[in-house]
Amino acid sequence: MHFPVAFRHLWLYCHRLETLAWRYSTTGSATVITKGSIFDLKRFAIHDGPGIRTTVFMRGCPLDCWWCHNPESRRPAPSEDVEVGTNCVCRRSRTALADGPVAPEQVIDEMARDIPYYEQSGGGVTFSGGEPLMQFDFLMKMLQLCRGRSIRTAVDTTGYAPTEDLERLIDLVDLFLYDLKIMDDHAHEQHVGVSNRLILDNLKMLATRGARVIIRVPLIPGITDTDPNLDAIIQFVKPLPGVEEISLLTYHRYFRHKVTDPELAAKLAGLQPKTQAEVSAMSQRLEAHGLRVKIGG
Ligand code: SF4
């Protein structure tokens, strides 16, 4: 079933209302709209864009991928029942900023400690999630602060956001890391919970409006890494002028300690990560069409 655009936007704004309600309950004021909620900061990140970066993981996500390895990121408020910041893949240590609503200035001050590393390595700051556009005003403010300090920025997005919001980001973002999962719309709804139409339309818009884009494809075994899905990605991405590269993100199982639902745990156990040789073959399949490919972020 396909929902009209108006309904999709209503769904997104409902999520934003939830975020606002949480801010109100924790600050006593819904007018402090530029404060936001993050669940972690990762310093010295090398897989979230070029150079050495700090990645800011923002709370809230409108999608519902059943294999989600960051369940703690999906709700706007910190969750009692999920261990936060123990993801051994990223070797993150929990930041105090994750405890409550934070001002954009607090986050940027923290990141500014590493400006010399960004300058030497061509790095900067990456806003990730969840979906960073779920907290649009907070994100905008942080991007503006980064511009003011000449810090290069990247936004790691699902693309499931109002088009006008993405348009407003183009001039403030140096690089979009854009997730593409499943090209078949029905399968996308089935596995991710929403249609992919808005995501594909937004990607086209960014890539033809002068934005720099790197596509990120999480290789979920048997779901996103199939030949038909990769071929459909090739056909869609090839004509887009702004796409610089496709990153193939290999599937890992390190997050499974977070999963408490036995049914989901069994489903995840059935996902067999591909071998290095199989992932290389996928990379070559894309490269054969003239696309630049990187394995990993
Ligand atoms: S987009 Fe990422 S954070 Fe959101 S549900 Fe999917 S895997 Fe989880």
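## Working through helix 4 and its sheet

In helix 4, the buried residues are F136, F138, L139, K141, M142, L143 and C146. Keep in mind that this is a predicted model. The exercises below start from that helix and move on to the strands and the ligand.

**Exercise 1. Check whether the length of helix 4 agrees or disagrees with what its residue count predicts.**

Step one: helix 4 covers residues 136-148, and that gives 13 residues.
Step two: at 1.5 Å a residue, the expected span is 18 Å, because the rise is multiplied by one less than the number of residues.
Step three: the C-alpha atoms at the two ends are 18 Å apart, so the two values agree.
Just past the helix comes S150, with a positive phi near 55°.

**Exercise 2. Work out what the buried residues of helix 4 pack against.**

Start with the buried set, which includes F138, L139 and M142. An α-helix has 3.6 residues a turn, so residues three or four places apart point the same way. Now look across: the buried residues of helix 4 pack against helix 2 (104-112), strand 3 (124-128), strand 4 (153-157) and helix 5 (163-169).

**Exercise 3. Decide whether D137 is buried, partly exposed or exposed.**

First, place D137: it lies in helix 4. Next, count C-beta neighbours inside 10 Å, which gives 14. A buried residue needs 20 or more and an exposed one has 12 or fewer, so with its 14 neighbours D137 comes out as partly exposed. For a distance check, try P104: D137 is 33 residues away from P104 in sequence, and their C-alpha atoms are 9.8 Å apart.

**Exercise 4. Trace the strand pairing from strand 3 to strand 7, with a bridge partner for each step.**

- Strand 3 and strand 4 run parallel and are joined by three bridges; T126 has A154 as its bridge partner.
- Strand 4 pairs with strand 5 in the parallel sense over four bridges, and D156 is partnered by L177.
- Strand 5 and strand 6 are parallel too, with four bridges, and F176 stands opposite V213.
- Strand 6 and strand 7 (residues 243-249) run parallel and share six bridges; here I214 is partnered by E245.

Now for burial along the way. In strand 4, five of five residues are buried, with T153, V155 and T157 covering one side and A154 and D156 the other. Strand 5 (residues 175-179) has four of its five residues buried, so the rest of the structure largely encloses it. Strand 6 (residues 213-218) is mostly covered as well, with five of six buried.

**Exercise 5. Find which residues touch the most other members of the largest nonpolar core.**

The core has 59 residues, and the ones to pick out are V56, M142, F176, Y178, V213 and I215. Helix 4 supplies the largest share of this core, six residues. Take Y178 as a worked case: setting aside neighbours within four places in sequence, its contacts are T157, G159, L203, V213, I214, I215 and R216.

**Exercise 6. List the residues around the ligand and sort them by class.**

Going through the surroundings, you should collect C61, L63, D64, C65, C68, N70, S73, R74, G129, G130 and T158. Sorting this shell gives four nonpolar, five polar and two charged residues.

**Exercise 7. State how much of the protein chain is buried.**

Of the 297 residues in the chain, 37% are buried. For context, the chain's secondary structure comes to 10 helices and eight strands.

Note on methods. Residues numbered from 1 in each chain as written. Predicted model: local features only at pLDDT ≥ 70, side-chain atom pairs only at ≥ 80, totals over all residues. Core = buried A, V, L, I, M, F, W, Y, C linked by C-beta atoms within 7 Å. Contact = placed C-beta atoms within 7 Å. Near = placed C-beta within 6 Å. Nonpolar A, V, L, I, M, F, W, Y, C, P; charged D, E, K, R; others polar. Pairing = 2+ DSSP bridges.
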